[in-house]
Amino acid sequence: MRYPIRRLGVALAAGALLVTAGCSSSGDSGGGSGEPPKMDAATSVGDGEGQLNLIAWPGYAENGSNDPAVDWVTPFEEQTGCQVNIKIGNTSDEMVQLMRTGQYDGVSASGDATLRLIYAGDVAPVNTDLVPNYATVVPFLKDKPWNSVNGQMYGVPHGWGANILMYNADVVTEAPDSWGAVFPGAPDVKGKVTAYDSPIYIADAALYLSKTKPELGINDPYSLTAEQLDAAAELLKQQKENIGEYWSDYTKQVQAFESGTSVIGTSWQVIANTIEADGKVNIATVLPNEGSTGWSDTWMLAADAAHPNCMYKWMDYIISPEANAQVAEYFGEAPAQTKSCDLTADKAHCETYHATDEEYAAQIHYWTTPQTKCVDGSGDNCTSYDEWVSKWQEIKG
């Protein structure tokens with residue numbers, strides 16, 4: 001089986017794919033309790049303006065410069081006349097700051113950035129009727145708390161994945177089925193537990209507590225009161241005693257598992273596939289019985305885009321069956337487009353990534369930017385992303 005590991009060759013900066021950096025500048029969370037600024041969505045798409053300036057995760061907008069055989073940008077340019085300029089964003093925080101320069105038309109934002117951009121007025125509502133390929137995007141990615149507000153979409157889903165529990169089956173011989181293996185867990189492999197290096201990882205602890213300590217009243221891992229946030233932070237401080245390293249660059253997690261310095265921790269399916277393909281370690285994965293956190297990326301339109309028509313054309317193109325299949329396979333994720341599964345070179349790709357598996361997807365709590373206005377609609381007494389950032393710094397010391 002050919003695994004989608006080509007993105008390992010994409011040059012990455014210090015941050016990781018799909019990740020919020022371990023620290024964040026304050027004041028950028030858009031974490032208030034108000035409503036997004038009033039903006040009208042477009043009612044039509046006209047001729048392209050001839051140019052498109054994008055902020056994208058590495059591997060999301062390949063134009064052949066990294067690998068001549070990997071290019072879905074050039075066909076878009078030829079079809080639309082929109083010449084694409086790509087700025088790589090290496091963290092969600094970096095993408096938020098770049099969008100606020102006003103120099104870009106759109107961004108491939110993860111759920112730990114989307115609400116920051118929406119509530120700050122950095123991105124515009126999107127009329128999905130003007131994006132024909134949106135009709136066949138998997139329903140479980142539409143109108144969700146991380147990509148919409150009050151039923152209004154602020155972009156189009158691109159791809160998604162779960163944060164799974166991965167372990168070295170030769171070392172962890174009793175197969176775990178719970179996040180209790182790492183919260184706080186794993187005293188037998190103290191110093192070889194690994195965890196995700198981001199404030200959004202607090203949600204993983206909150207999810208576990210929602211199942212094991214119902215008296216805390218946690219209903220949504222991204223909607224935490226101050227007391228609930230403190231409880232999650234305390235659990236993570238206990239876990240820190242067993243942590244060998246926190247990871248953000250997934251290539252380093254591959255190296256850590258293959259060298260034996262890490263033997264259990266949160267991971268992504270593409271990392272497991274890469275290690276399995278290398279054949280150096282007997283790796284195993286599980287989606288624990290508590291469920292998991294995960295990510296779903298969204299292409300978003302800048303509120304003051306200089307080239308909005310080209311951006312609408314890009315949003316429709318990138319979720320077209322062929323383009324979305326290419327991105328998902330190259331990057332190592334589930335495509336958002338249902339019709340892409342027939343077009344991947346690896347015919348088992350969608351099965352491996354559970355692309356259209358609604359039951360599997362329902363077990364995932366996708367990254368959503370914490371807001372003081374609770375994202376689950378429970379009230380206005382939740383903690384903001386800035387508070388999570390401060391708490392994460394405290395956890396890590």
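Here are legends for several close-up views of this predicted model.

**Before you start: how to read the views.** Residues are counted from 1 along each chain as its sequence is written, and side-chain values use heavy atoms, with hydrogens and water left out. Since this is a prediction, local features need a pLDDT of at least 70 and side-chain atom pairs count only at pLDDT 80 or more, while totals for chains, interfaces and linings use all residues.

**View 1. Confidence along the chain.** The pLDDT, the predictor's confidence in each residue from 0 to 100, averages 91 for the protein. A score of at least 70 goes to 92% of the residues. Be careful with residues 1-30, though: their pLDDT is below 50. Beyond near neighbours in sequence, that stretch has 114 contacts in the model (contact means heavy atoms within 4.5 Å).

**View 2. F140 meets W160.** The whole structure holds 19 aromatic pairs. To pair, rings of Phe, Tyr and Trp (its six-membered ring) need centres within 6.5 Å; planes under 30 degrees apart are called stacked, over 60 edge-to-face, and the rest tilted. F140 and W160 make an edge-to-face pair, 5.5 Å centre to centre with 90° between the planes. F140 lies in the loop between helix 3 (111-119) and strand 4 (148-149) and W160 in strand 6 (residues 156-162), so this pair ties together parts 20 residues apart in sequence. (Helices, H or I with at least four residues, and strands, E with at least two, are DSSP runs numbered from the N terminus.) Both F140 and W160 are buried, where buried means under 20% relative accessible area, exposed over 50%, and partly exposed in between, using a 1.4 Å probe and protein chains only.

**View 3. F183 and Y208, a tilted pair.** Here the ring centres of F183 and Y208 are 5.7 Å apart, with 35° between the planes. F183 comes from the loop between strand 7 (164-168) and strand 8 (193-196), and Y208 from helix 4 (residues 202-212), so to speak a link across 25 residues. F183 and Y208 are both buried.**View 4. More rings, plus two charges.** Ring pairs join Y196, W247, Y250, W268, W295 and W367 into a cluster. Elsewhere, the charged end of R116 sits over the ring of Y385, 4.3 Å from its centre. K142 does likewise with Y134, its charged end 4.4 Å from the ring centre. (A charge sits over a ring if NZ of Lys or CZ of Arg is within 6 Å of the ring centre and within 35 degrees of the ring normal.)

**View 5. Helix 3 under cover.** In helix 3, 9 of its 9 residues are buried, R116 among them. What covers these buried residues includes helix 2 (92-99), strand 3 (106-109), strand 4, strand 12 (292-301) and helix 12 (385-396). After helix 3 comes G121, with a positive phi near 80°.

**View 6. A cavity and helix 7.** The model has 1 cavity of 30 Å³ or more, and the largest has a volume of about 120 Å³. (On a 1 Å grid over the protein atoms alone, a cavity is a set of points where a 1.4 Å probe fits but cannot get out, and lining residues have an atom within 4 Å of a point; points are joined across faces, edges and corners, and the volume is the space filled by probe spheres set on them.) Of its 15 lining residues, W160, G161, A162, Q269 and Y353 are the closest to the centre. Strand 6 gives the most to this lining, with 3 residues. Helix 7 (269-278) supplies at least two. This helix is largely enclosed by the rest of the structure, because 7 of its 10 residues are buried, including Q269.

Methods:
On a 1 Å grid over the protein atoms alone, a cavity is a set of points where a 1.4 Å probe fits but cannot get out, and a pocket is an open set with protein on both sides within 12 Å along at least five of seven lines; lining residues have an atom within 4 Å of a point.
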